[in-house]
Amino acid sequence: SEGPWCYEMQVLGYNYRMTDIQAALGVSQLKKAEVFIRRRKEIVQSYNSHLGAFSDCLILPYQHPDCESSWHLYVLRLRTEAFRVGRKEFAKALLAENIGVNVHYLPIYLHPYYQNLGYHRRLCPVAENVYEGFISLPLFYSMTDRDTQDVIEAVEKVVLAYKK
């Protein structure tokens with residue numbers, strides 16, 4: 001297994017119908033979107049200001065100055081050549097520090113459904129190499145400053161433990 005984040009699309013499916021309850025929930029959440037996004041931006045700013053010190057081994061998410069992200073995810077990219085371990089071991093170490101990390105997203109053609117259609121590994125080597133370094137840090141509205149600091153400290157600890 002690639003890691004605890006691994007999922008596979010075995011078949012293609014469609015279901016675009018949203019229930020009335022989902023629509024009502026969505027409308028109510030939209031009213032809070034500005035507050036949610038503001039908090040996410042604060043967390044991202046904290047991540048960037050602390051983790052930027054490790055630019056020799058981490059690539060932080062980039063936001064173009066003319067754009068504004070809602071920061072749905074905070075995808076950190078490991079410079080895999082800078083570490084003695086791969087992403088799986090790096091993620092396991094963060095999980096051991098009680099940091100819920102994930103990986104977003106497996107290149108689509110690597111899912112079994114597309115493999116069965118004839119797509120194969122190494123079709124897009126750059127995408128695959130980049131994917132091998134992705135790890136998503138926790139990022140959600142209700143994270144406290146202490147939660148954010150815990151993530152930062154754990155990443156710093158794991159980076160220092162595994163950096164070449």
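Biologist: Before anything else, is Tyr-14 buried or exposed?

Modeller: Tyr-14 counts as exposed, because its relative accessibility is 60%, and please keep in mind throughout that this is a predicted model.

Biologist: Where along the chain is Tyr-14 found?

Modeller: Tyr-14 is found in the segment before α1, the helix that covers residues 20-30. Together with Leu-12 and Tyr-16, Tyr-14 makes a nonpolar surface patch of about 420 Å².

Biologist: Let's turn to rings, then: how many aromatic pairs does a search of the whole structure find?

Modeller: The search of the whole structure finds 7 aromatic pairs. One of them joins Trp-71 and Tyr-74, whose ring centres are 6.2 Å apart and whose planes stand at 35°, so this pair is described as tilted.

Biologist: Are those two rings buried or exposed?

Modeller: Both residues are buried, since Trp-71 has a relative accessible area of 8% and Tyr-74 has a relative accessible area of 0%. Trp-71 and Tyr-74 also form one aromatic cluster with Tyr-47.

Biologist: And what about Tyr-114 and Tyr-119, how are their planes set?

Modeller: The planes of Tyr-114 and Tyr-119 are at 75°, with the ring centres 6.1 Å apart, so that pair is edge-to-face. Tyr-119 is partly exposed, with a relative accessible area of 40%.

Biologist: Which charged end sits over the ring of Tyr-131?

Modeller: That is the charged end of Arg-87, which sits over the Tyr-131 ring at 4.5 Å from its centre.

Biologist: Switching to Arg-40, where is that residue found?

Modeller: Arg-40 is found in helix α2, which runs over residues 33-51, and at 17% relative accessibility Arg-40 counts as buried.

Biologist: What does Arg-40 touch, leaving out residues up to four places away in sequence?

Modeller: With those left out, Arg-40 touches Ser-70, Trp-71, His-72, Leu-139 and Phe-140. Trp-71 is the residue we met in the tilted pair with Tyr-74. There is also a long-range relation to mention, in that the C-alpha atoms of Arg-40 and Ser-142 are separated by 9.0 Å while the two residues are 102 residues apart along the chain.

Biologist: Now salt bridges: how many does a search of the whole structure find?

Modeller: A search of the whole structure finds 10 salt bridges. As background, side chains of opposite charge can pair when their charged atoms come close. Among the bridges here, the side chains of Asp-145 and Arg-39 meet at 3.1 Å, taken from N to O.

Biologist: Which parts does that pair tie together?

Modeller: Asp-145 lies in helix α6, residues 145-162, and Arg-39 in helix α2, so the pair ties together parts that are 106 residues apart in sequence. The two ends have contrasting surroundings, as Asp-145 is exposed with a relative accessible area of 57%, whereas Arg-39 counts as buried at 13% relative accessibility. Arg-39 and Asp-145 are also linked with Glu-42 in a network of salt bridges.

Biologist: Which residue does Arg-146 meet in a salt bridge?

Modeller: The side chain of Arg-146 meets that of Glu-153 in a salt bridge, at 3.2 Å from N to O. Arg-146 counts as partly exposed at 45% relative accessibility, and Glu-153 counts as partly exposed at 38%.

Biologist: What about Arg-122, which residue does its side chain meet?

Modeller: The side chain of Arg-122 meets that of Glu-128 in a salt bridge, at 3.4 Å from N to O. Arg-122 is partly exposed, with a relative accessible area of 46%, while Glu-128 is buried, with a relative accessible area of 4%.

Biologist: Staying with Arg-122, what is its phi?

Modeller: Arg-122 has a positive phi of about 75° although it is not a glycine, and its place is in the loop between α4 and α5, the latter being residues 125-131. Asn-98, likewise a residue other than glycine, has a positive phi near 70°. Asn-98 is found in the loop between α3 and α4 and is exposed, with a relative accessible area of 70%.

Biologist: Last topic: which residues does a cis peptide bond join?

Modeller: A cis peptide bond joins His-104 and Tyr-105, with omega at about -10°. Tyr-105 has its place in the loop between α3, residues 87-96, and α4, residues 112-115.

Key:
Residues numbered from 1 in each chain as written. Predicted model: local features only at pLDDT ≥ 70, side-chain atom pairs only at ≥ 80, totals over all residues. Heavy atoms only, no water. Phe/Tyr/Trp six-rings, centres within 6.5 Å; stacked < 30°, edge-to-face > 60°. Buried < 20%, exposed > 50% of the residue type's maximum accessible area, 1.4 Å probe, protein only. Lys NZ or Arg CZ within 6 Å of the ring centre and 35° of its normal. Patch = residues over 30% accessible without salt bridge, like charges linked within 9 Å, V, L, I, M, F, W, Y side chains within 5 Å. Areas by Shrake-Rupley, 256 points an atom, 1.4 Å probe, with all protein chains shown as cover. Salt bridge = Lys/Arg side-chain N within 4 Å of Asp/Glu carboxyl O. Helix = DSSP H or I, 4+ residues; strand = E, 2+ residues; numbered from the N terminus. Contact = heavy atoms within 4.5 Å.
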